[in-house]
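Subject: Structure for you to look at

Hello,

Please find the structure below. My notes come after it.

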Amino acid sequence: MELVSSHLPALQIVIPLLGGLLAALLRRGVPAFALTLAVSWIMPVISAVLLDRVLTGGPISYALGGWPPPWGIEYRVDVLNGFVLMLISTIGAVIVPFARRSVALEVGERREAWFYCMYLMCLTGLLGVTITGDAFNAFVFLEVSSLSTYVLIALGRDRRALVAAFRYLIMGTIGATFYVIGVGFLYLLTGSLNMVDMAARLAAAPPEMARAMVAALAFLTVGISLKLALFPLHSWLPGAYAYAPSWATVFLSATATKVAIYLLVRFLFSIFGIALDFRGLPIVEILLALSIAAMFIASIIAVYQNNLKRMLAYSSLAQIGYMMLGIGIGNLAGLTGGLVHLVNHAMMKAALFLALGSLFYRIGTVRLAEIAGIGRKMPLTMGAFVVAGLGIIGTPGTAGFISKWYLAVGALDRGWWILVFLLVVSSLISVLYIGRVIEMAWFRPVAIQVAEAKDPPLSMLLPLLILAAATVYFGIDTRLTAGIAAQVAEFLLGGLR
Amino acid sequence: MMALSPDSLAQIAVLAPFIGALLIPLFHRVPNLREAVTLATAAVLLFTVIQLLPVVMQGLRPGATLIDVVPGLAIAFRVEPLGMLFALIASALWVVNSIYSIGYMRAHDEPRQTSFYTCFAIALGSTMGIAFADNLFTLFLFYEALTLCTFPLVTHKQTAEAMRAGRLYLLLLLGTSMVLLLPAIIATWFIAGTIDFTPGGILAGKASPLAIGILLALYAFGIGKAALMPVHFWLPAAMVAPTPVSALLHAVAVVKAGVFSVVKVVVYVFGLETLTLSGANEWLVYVGSASLLLASLIALTRDNLKARLAFSTISQLAYVVVGAALAGPAGVIGSGLQIATHAAGKITLFFCAGAIYVASNKTEISQMAGLGRKMPITMIAFLVGSLSIIGLPPFGGMWSKWALVLGALDAGYVLVVVVLMVSSLLNVAYLLPIVARAFFLPPPVEHEAHGEHGEHGVHHGQHAGVGARFGLQEAPVACLIALSTTALLCFLLFFQADRIELLLQGMFTVSS
């Protein structure tokens with residue numbers, strides 16, 4: 001037991017990695033799924049133990065292979081990535097039962113096992129990016145997750161999935177390249193790849209190195225912004241989300257961009273924040289401007305989408321704007337708002353995409369015009385859609401409101417009155433795109449195509465209902481979400497120069 | 001029942017309608033049982049609320065904090081006099097309205113009745129939440145819930161027109177609350193460090209007169225349900241809803257939730273003294289007065305009965321806003337009285353409009369000539385409601401107008417007194433002709449009467465009336481019971497005004 005307990009950080013990565021390999025070897029869908037289920041359900045247990053340890057006892061450092069940092073690769077868990085690990089593994093665990101039927105239908109018998117293999121690889125990559133304390137190791141994991149994501153998207157049965165995957169491949173590779181260049185700069189400056197070490201050395205760096213530091217910051221920011229689909233570097237995302245298999249979209253929308261945001265926060269606050277006052281650089285204004293642009297432009301585009309998956313993809317872009325806004329605001333309340341929105345958006349958007357996955361499972365389409373009256377036929381599915389949709393809008397009593405509240409308070413703290421108004425006006429646009437769907441699903445006579453539809457089987461319904469319930473629960477009891485997010489924000493700001 | 005503390009009664013009052021809403025769909029297939037659940041819930045609610053009345057009269061403020069959402073942001077209830085009054089009106093009228101709904105919905109054979117009654121119960125629960133909210137967050141929470149759960153009621157007919165109106169309704173109410181009210185709440189929290197409703201207000205000495213003026217504007221227009229011009233468009237649009245919805249929600253619960261919130265914010269967030277000292281309330285007196293007169297004038301031009309009543313409501317709501325904007329105890333008490341008496345009067349008028357529609361399928365005032373002979377009970381109730389709204393004795397409406405005039409004089413706004421007088425005349429002009437037309441004009445010539453070129457309609461009309469059987473053509477009994485009850489209530493309120501005033505005095509005398 002002691003052995004397991006001390007190696008938990010490594011197990012967080014090794015288990016899904018081995019699981020992925022094994023899933024590929026199993027070849028058949030059902031055993032591969034069973035394995036995936038087991039792995040996905042172990043993950044949050046490990047994350048929870050790690051997070052608990054961090055919250056009570058401070059950061060955990062784990063030297064991979066026994067090589068002490070900064071020479072070896074260090075896995076380092078603090079409140080920030082403990083929080084993100086918990087988020088990713090929990091979302092994965094909640095949504096995984098949905099995969100069985102959805103994937104069997106959309107990916108097909110023969111390729112099911114490959115799908116699960118790729119999913120576990122992707123999970124490995126995302127968890128790896130989060131847990132590692134080594135900048136280059138983060139790049140490796142970033143590529144692990146990206147490559148498997150390309151495959152996941154390409155497994156969509158619409159042929160446009162191939163184009164979408166290719167597009168993401170190009171953009172993702174550019175992003176990764178920028179990231180590596182940025183890390184390269186830092187390595188040249190510090191001679192180290194360990195994040196903690198880097199931060200300490202950067203802080204001690206002579207002033208003439210500041211320009212190189214800023215260049216590194218620029219490369220890293222652009223590279224990571226590509227991965228997190230910050231407007232206007234988002235062009236890969238709508239297609240990827242729209243044509244990937246439904247369940248892959250659920251997983252990616254809830255986790256992939258969140259991890260990229262984590263990485264950006266890590267570099268900004270824990271590495272650069274210590275060395276230079278990045279809040280004095282124009283990067284803050286740029287982030288704010290782009291976030292606001294995302295909030296408005298992506299929301300407005302979402303209103304005009306007919307493919308609902310694409311619509312939600314644009315909505316995600318807008319919501320990413322909120323998270324980045326929190327980082328841009330950069331004070332305690334604002335940062336808390338941005339971080340808690342990672343969680344809140346993950347569960348709300350996962351619920352929405354799960355609802356669409358259920359629709360596709362039953363009626364084979366997610367086009368707005370073809371779902372008239374579906375609410376009366378699939379009441380639980382579309383009821384959950386309404387609840388999660390209200391969350392996206394930011395109705396009080398849902399998780400979305402909590403994020404918005406913190407962001408607005410943060411903006412006021414800075415004296416940015418205008419920002420408060422932009423925030424509420426942009427969330428009003430989400431009323432339009434969510435409202436269109438609700439109106440079509442609930443307030444139209446039942447169309448013939450959907451007359452036979454009914455709620456999906458329990459294995460698909462349950463994850464959806466859990467996430468919808470969570471949207472309400474975390475709108476009322478926020479100790480686990482905003483409570484921890486506030487601690488994280490405090491931790492991040494405490495380390496700043 | 002005796003064992004229940006006032007604190008838990010307050011929670012039960014909010015919870016009961018929601019429990020009812022959970023039970024109603026279970027009896028989807030048994031309409032009689034389903035309606036029994038609605039009635040039982042309404043009765044339980046009324047009973048609970050009535051039990052709270054003596055407690056509040058004694059000066060106690062029962063309540064409870066359910067949960068802290070984030071530090072400083074709690075879901076909490078507390079029963080204070082104004083909320084007590086509002087809850088009492090809404091729950092009493094819900095009982096009556098439920099009886100009416102049963103008659104109306106069945107006579108009309110409306111579809112989707114289960115979701116109708118379910119949404120109605122949720123709407124009442126939200127109304128109770130608003131009435132008993134102890135802070136702005138709780139108020140906002142239930143305010144939004146009320147908007148959302150009434151959307152299916154407004155769009156009940158699901159026609160293209162109903163959907164269009166529903167969209168306007170939702171966007172205007174959600175839009176104003178999200179874009180204006182929410183920033184106002186956040187700003188209040190930021191400035192005052194609390195958003196709890198506190199006697200005397202929470203902004204005293206913390207904000208400049210300019211900031212107070214801006215905040216007041218955000219609240220006045222952000223609370224779109226108060227239908228202060230120019231954010232009143234949603235109310236006439238909402239009239240596509242079935243009449244019971246227009247009656248209880250768009251004459252009582254929803255719109256009164258709006259003006260109630262305005263009054264509550266004025267009294268417990270700004271504080272009357274802070275407001276008068278800053279002078280920031282002055283503009284609202286004039287904007288409210290303008291809204292009051294304009295809406296009355298527009299009402300004159302509307303031939304559709306429900307549309308006319310809707311504009312009348314907008315005008316009458318402005319009375320409440322003006323009363324609050326006067327920022328004196330007398331004005332606020334006038335506002336409270338107006339909330340009560342207008343509720344009784346306007347619900348009667350809507351009940352009558354619905355009864356006319358059910359019994360004779362008429363919606364336009366010009367079609368209603370001679371209707372008094374066929375529907376005497378309905379039209380007498382209509383007369384009573386009208387007189388109460390105009391403010392004539394012996395009906396409750398008189399006292400609210402009286403108190404508002406006193407409040408205006410108290411605060412030194414002679415102009416407002418003039419506005420109130422003129423508006424009363426306008427009320428006469430747009431309400432009484434309907435009654436006169438129904439009783440004194442002959443019914444229109446029926447279709448089978450042909451070949452009557454140029455002759456006076458009187459003769460033929462009488463013949464047609466006699467020809468179309470001697471009997472009455474009233475709405476279902478359930479509707480008649482309801483509208484007679486509320487008409488009686490208008491009368492009773494005339495004698496109860498002093499007790500209401502006594503209750504409302506509690507807003508200023510005792511603190512917690």
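The notes cover conventions, the contact between two chains, one helix and one residue.

This is a predicted model, in which local features need pLDDT of at least 70 and side-chain atom pairs count only at pLDDT 80 or more, while totals for chains, interfaces and linings use all residues. Residues are numbered from 1 along each chain as its sequence is written, and chains are lettered from A and ligands numbered from 1 in the order in which they are written.

Chain A and chain B meet through 22 residues of A and 21 residues of B, where contact means C-beta atoms, placed from the backbone, within 7 Å. On the side of chain A that touches chain B, helices H17 (399-413) and H18 (417-442) each supply at least two residues. H18(A) gives the most, nine residues. Helices (H or I, at least four residues) are DSSP runs numbered from the N terminus.

In chain B, helix H3 (residues 81-108) has 28 residues and reaches 39 Å from its first C-alpha to its last, close to the 40 Å expected at 1.5 Å a residue (1.5 Å times one less than the number of residues). H3(B) bends by about 25° at Val95(B), the bend being the angle between axes fitted to the seven residues ending there and the seven starting there. Of the 28 residues of H3(B), 24 are buried (20 or more other C-beta atoms within 10 Å of the residue's own; exposed is 12 or fewer, partly exposed in between; C-beta atoms are placed from the backbone). Asp109(B), with a positive phi near 55°, follows H3(B).

Phe495(B) lies in helix H19 (residues 477-509) of chain B. Phe495(B) is exposed because 11 other C-beta atoms are within 10 Å.

Regards

Technical notes: Contact = placed C-beta atoms within 7 Å.
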